[in-house]
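This report looks at surface patches and charged side-chain pairs. The chain is shown below.

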Amino acid sequence: MFRSLSGYNYRIWFVGALVSNIGGWMQSTTQDWVVLTQLTQNSAVAVGFTMALQFGPQLVLVPFTGLVADRFDRRRILFVTQSVLMLLAVGLGVLLLAGHAELWHLYAFALALGITNAFDAPARQSFVSDLVSGQNTSNAVALNAASFNTARLIGPAVAGLLIVVIGSGWVFIVNAFTFIAMLAALVMLRRDELRLHPKMKRARGQFVQGFRYVATRPDLKVVFVIVFLVSAFGMNFPIFASTMAVEFGEGAGEYGLLSSILAIGSLTAALLSARRSRARLRVVIAATGFFGLAALAASLMPSYATFAVSLIFIGFGTVTLLTTANGYVQTTVPGELRGRVLALYMALLMGGTLFGAPIIGWVADAFEPRWGLGVAAIAATTGFVIGACWMFFSRGVRLVRVPQTRWRFAVASVEAADAIAVGDRVTLPGATQPGVTVTDAAPTASRHPLPEDFSDELALTSPIPLPKLPPRDPHAHGHARTGPLPRTN
């Protein structure tokens, strides 16, 4: 589960990122609470607009940010972006402490934060592949998610306490100091151990090369559609948590606690993702459906306590979806295009909020917060249906009854499903037990798998079809074979 931590560079990165992420969650929680309770009269629309300004630049700047991540030294990019983020935290903290902060200041800060993060995110995501060996990339991505969600478990609760004890302005100052950990980690990395990506030369069409590559990969298009729908309408947790806390008559401490409870499920999902050998598209689709059910259940909860419990399942579904999607993109895209494709992925993930957050905020204000969660459930269900239909019609995937398995059902390709129907012996995709087969060997139809379907394990365990031998003559004696034995090298 923790095999990526065996490398020095990734250990240093992991610790620095954990400290910085804790500060980031403290700041995010405080920012939304300040907008909702100090600068407006509980306006969910204002919170949504702030989120749109913060995440919108990811969508607008995607052609440039991905190109920068592929063309320049990612370590230096991160050193610049992390320094700018630290200065922004200091600036807003000073404004709040001086008592001069107004709503437009928060909007300007959110926009500047979004522009900086637009360059930081693709460089940070693709930098993971520079820190670990290729076979550990999926594990490193999952551990990054574990770090992020461990910080989510700690940061919001600490922020809620600090808002009450020392005031919101000081929370931004404390966050500024946490960036020192990330900057120190970047300095301490052993540069001779980094897996440096080849420098991309200037050429015509580089801006759109990432788009063209994704256009040739229908599986990536399905992933991106799902991520956009869930991020735009489902991942508006600051709106859900803050408005539902007010709905139940709770304060800043209880609001911060909701985000920490959400992280219980998130951290669990991240650790389980780290155990998987590779990222699979079917897990992305299943997690989307699970998220939709969890959001629907949360919208129906009658009390603060039951709502808080429901957030555990929302966090689990969200991180399973995002960690698997991120790992799938990273491990199936060529290194020379990874920055640009990840920039597009992050643009849809973060930039979707530009469209969804104001809509969810308006729904929460015009109707009630529960309806905002209902919209999230509808969006996730739509993504699940799109993914399931694509797997069914384009990939020929079926749910097959297999008596030898514990649960008696498995997801298999159409070739495997047909073979099972006639009693042939096949190895099911993803099977880890030799008993997950059915009788008597027979050749199955060949197909060209998408990158998700290939692994060393699959290559070693897939059955090799052999020609059938002619029926044996019952009158022939065992020694009747003529001719020399075939020679082997």
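The sections below cover a nonpolar surface patch and then the salt bridges.

## Basis

The structure is a predicted model.

## Nonpolar surface patch

Leu 97, Leu 161, Val 164, Val 165, Ile 166, Trp 170 and Val 174 together make a nonpolar patch of about 650 Å² on the surface. Two elements, α6 (137-165) and α7 (168-188), each give two or more residues to the patch. The biggest contribution comes from α6, with three residues.

Leu 97 belongs to helix α4, which covers residues 74-98. Its relative accessible area is 40%, so Leu 97 is partly exposed. A patch residue must have over 30% relative accessible area, and Leu 97, at 40%, meets that cut-off.

## Salt bridges

Side chains of opposite charge can pair when their charged atoms come close. In the whole structure, four salt bridges are found.

## Asp 120 and Arg 124

Which side chain does Arg 124 meet in a salt bridge? The partner is Asp 120, at an N to O distance of 2.7 Å. Both residues lie in helix α5 (residues 103-131), and because they are four residues apart, about one helical turn separates them.

The two partners fall into separate accessibility classes. Asp 120 is buried, with a relative accessible area of 1%, whereas Arg 124 is partly exposed at 26%. The cut-off for buried is under 20% relative accessible area, so the 26% of Arg 124 places it outside that class.

## Arg 217 and Asp 219

A salt bridge also links the side chains of Arg 217 and Asp 219, with 2.8 Å from N to O. Are these partners buried or exposed? Arg 217 counts as buried at 7% relative accessibility, and Asp 219 counts as buried at 0%.

Elsewhere, salt bridges with shared partners join Asp 73, Arg 76 and Arg 191 into one network.

## Asp 73 and Arg 76

Within that network, Asp 73 forms a salt bridge with Arg 76. The closest N and O atoms of this pair are 3.9 Å apart. A salt bridge requires the nitrogen to be within 4 Å of the carboxyl oxygen, so the Asp 73 and Arg 76 pair, at 3.9 Å, is counted.

Here a buried residue is paired with an exposed one. Asp 73 has 19% relative accessibility and counts as buried, because the class takes residues under 20%. Arg 76 has a relative accessible area of 54% and is exposed, since the exposed class begins over 50%.

Technical notes: Residues numbered from 1 in each chain as written. Predicted model: local features only at pLDDT ≥ 70, side-chain atom pairs only at ≥ 80, totals over all residues. Heavy atoms only, no water. Patch = residues over 30% accessible without salt bridge, like charges linked within 9 Å, V, L, I, M, F, W, Y side chains within 5 Å. Areas by Shrake-Rupley, 256 points an atom, 1.4 Å probe, with all protein chains shown as cover. Buried < 20%, exposed > 50% of the residue type's maximum accessible area, 1.4 Å probe, protein only.
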